[in-house]
Amino acid sequence: MGLGVSLPAVKRRSLTRASVAISVAAGLTLTGACGGGGGGGGEGGGDSLTVGVLLPGGGASRFGQFDRPLIEQKLKQLCPDCPAATVAATPEPAVQRQQLEAMITRGVDVLILAVVDAKGLRSTVEAADRAGIPVVAYDRLAQGPISGYVTFDGTTVGRLQGEGLLKAMGTKADGGQIVMMNGATTDPNADWYKQGALSVLKGKVKIGKSYDTVGWRPENAYVNMTGAIAALGADKIDGVLAANDSLAGAVVSALNATEVRPLPPITGQDADLPAVRRIVRGGQYMTVYKPFKPAADAAVEMAVALGRGESVGSIATDTVDSVTSKDIPAVLLPSISVTVGNIKDTLVKDGMYTIDQICTSKLRSACDKAGLTP
């Protein structure tokens, strides 16, 4: 794969507080952190705990719509006297490096980092460590001295996608031909998802084309899918393993542009609203729903504990290894496969979307058929 990183080596064992005792580096002093409730050595009236949050997307992205507000909400709950989190978002590695450097210079007390390029930002993560700033890797495993990691089990995500695709392919699941539209090689999660999917798909289907989508960018997936259609033939693609919903949307656009009918089953991830609507409409078979609130809550809990100089042993019950660090305290959360038949019992039940948000006027008949509307 040429990632420069290996899949996270997961150790599923209960961690004692002693085995993961993590404290803020010696040069960092907190006074009155989060109302003076922690072990930061503060005596009232000092500076509050400052949390820096770096995300790979904002605005309409999953990170902007869900992760950011959930992180801010949890921080306010755990630390009502702390200032709001300092949040920066970008999909560009060079820009994220500058943002991270700015937060180090500013002297934030702890960082929550959803890294854009794990290898490329390694030296900056090392700089944060030298400055005594603990880093909680969020969603994606950063390289360098990481104090904690919160994500969804990538093997499970890929396996759910592979299983969903085979089910949707029916009889063509035995020897049919698929296209794999994987994520970016700069994101270690992408290979994690891919290997999980391959554990299900290998030996059952033919992989006609497999692409690593530069930057997770839909426009690159569109070009790749157009190329796959030209190379394989529009009627020779029996399914598409798309690593997330943005890539799935680009795949659908490429298939529509070449008037492929019927559309082959297509997978996704993140339960983006446009993808949920495609599932209702029949343009996408499934997505992987990752309940974001437990992830955001765990990341903030770890960050606040680390900022206070406390152990995260009661929060992290697993460990992972990166290419640079061993036994990183980790929270690995479960994921859920969502198809048209369980949208109401998952996404709607959890309050992620309302029926009205999903069922636009153009989708009313499809929603009626799916049992989403009365």
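What follows is a chat about how some labels on this predicted model were reached.

Reader: Let's start broad. How many helices and strands are there in the chain, and what share of the residues count as buried?

Author: The chain has 12 helices and 13 strands. Of its 374 residues, 56% count as buried. The chain also exposes about 15100 Å², with carbon and sulfur atoms supplying 50% of that.

Reader: What share of the contacts between residues at least 6 apart in sequence join residues at least 24 apart?

Author: That share is 72%.

Reader: What makes a set of residues a nonpolar core, and which members of the largest one touch the most others?

Author: The members have to be buried residues such as Ala, Val, Leu or Ile, joined through side-chain atoms within 4.5 Å. The largest such set here holds 54 residues, and Ile112, Tyr138, Val150, Ile343 and Ile358 touch the most other members. Helix H9, residues 292-307, gives the most to this core, with 11 residues. There's also a second, separate core of 29 residues, including Tyr211, Ile237, Ala250 and Val251.

Reader: Why are H2 and H3 called roughly parallel?

Author: Look at the angle. The axes of H2 (residues 93-106) and H3 (residues 122-130) cross at roughly 5 degrees. Angles under 35 degrees count as roughly parallel, so H2 and H3 get that label. Their axes also come within 10 Å.

Reader: Which residues meet there, and how do they divide into nonpolar, polar and charged?

Author: From H2 you have Arg97, Leu100, Glu101 and Ile104, and they meet Thr124, Val125, Ala127 and Ala128 of H3. That divides into five nonpolar, one polar and two charged residues.

Reader: Now two aspartates. Why is Asp81 called exposed?

Author: Its relative accessible area is 56%, and exposed means over 50%, so Asp81 earns the word. You'll find Asp81 in the loop between helix H1 (62-78) and strand E3 (86-89). Leu49 is 32 residues from Asp81 in sequence, yet their C-alpha atoms are 8.7 Å apart in space.

Reader: And how do you know whether Asp272 is buried or exposed?

Author: Set its 17% relative accessible area against the cut-off for buried, which is under 20%. Asp272 falls under that cut-off, so it is buried. It lies in the loop between helix H7 (245-257) and helix H8 (273-281). Leaving aside residues up to four places away in sequence, Asp272 touches Arg62, Asp245, Ser246 and Tyr353. Tyr353 is 81 residues away in sequence, with 9.8 Å between the two C-alpha atoms.

Reader: What makes the backbone in the loop between H7 and H8 worth a look?

Author: Two spots there. Pro262 is in that loop, and the peptide bond from Arg261 to Pro262 is cis, with omega near -10 degrees. Glu259 is in the loop too, and its phi is positive, about 55 degrees, although it is not a glycine. The background is that most residues other than glycine have a negative phi, and most peptide bonds are trans.

Reader: Asp327 has a positive phi of about 55 degrees as well. Why is Glu259 called exposed but Asp327 partly exposed?

Author: Glu259 has 68% relative accessibility, over the 50% cut-off, so it counts as exposed. Asp327, in the loop between strand E11 (318-321) and strand E12 (328-333), has 35%. That value sits between the 20% and 50% cut-offs, so Asp327 is partly exposed.

Methods:
Residues numbered from 1 in each chain as written. Predicted model: local features only at pLDDT ≥ 70, side-chain atom pairs only at ≥ 80, totals over all residues. Heavy atoms only, no water. Helix = DSSP H or I, 4+ residues; strand = E, 2+ residues; numbered from the N terminus. Buried < 20%, exposed > 50% of the residue type's maximum accessible area, 1.4 Å probe, protein only. Contact = heavy atoms within 4.5 Å. Areas by Shrake-Rupley, 256 points an atom, 1.4 Å probe, with all protein chains shown as cover. Axes fitted to C-alpha atoms, helices over the stretch in contact; angles between N-to-C directions. Parallel < 35°, antiparallel > 145°, perpendicular 65-115°, else oblique. Nonpolar A, V, L, I, M, F, W, Y, C, P; charged D, E, K, R; others polar.
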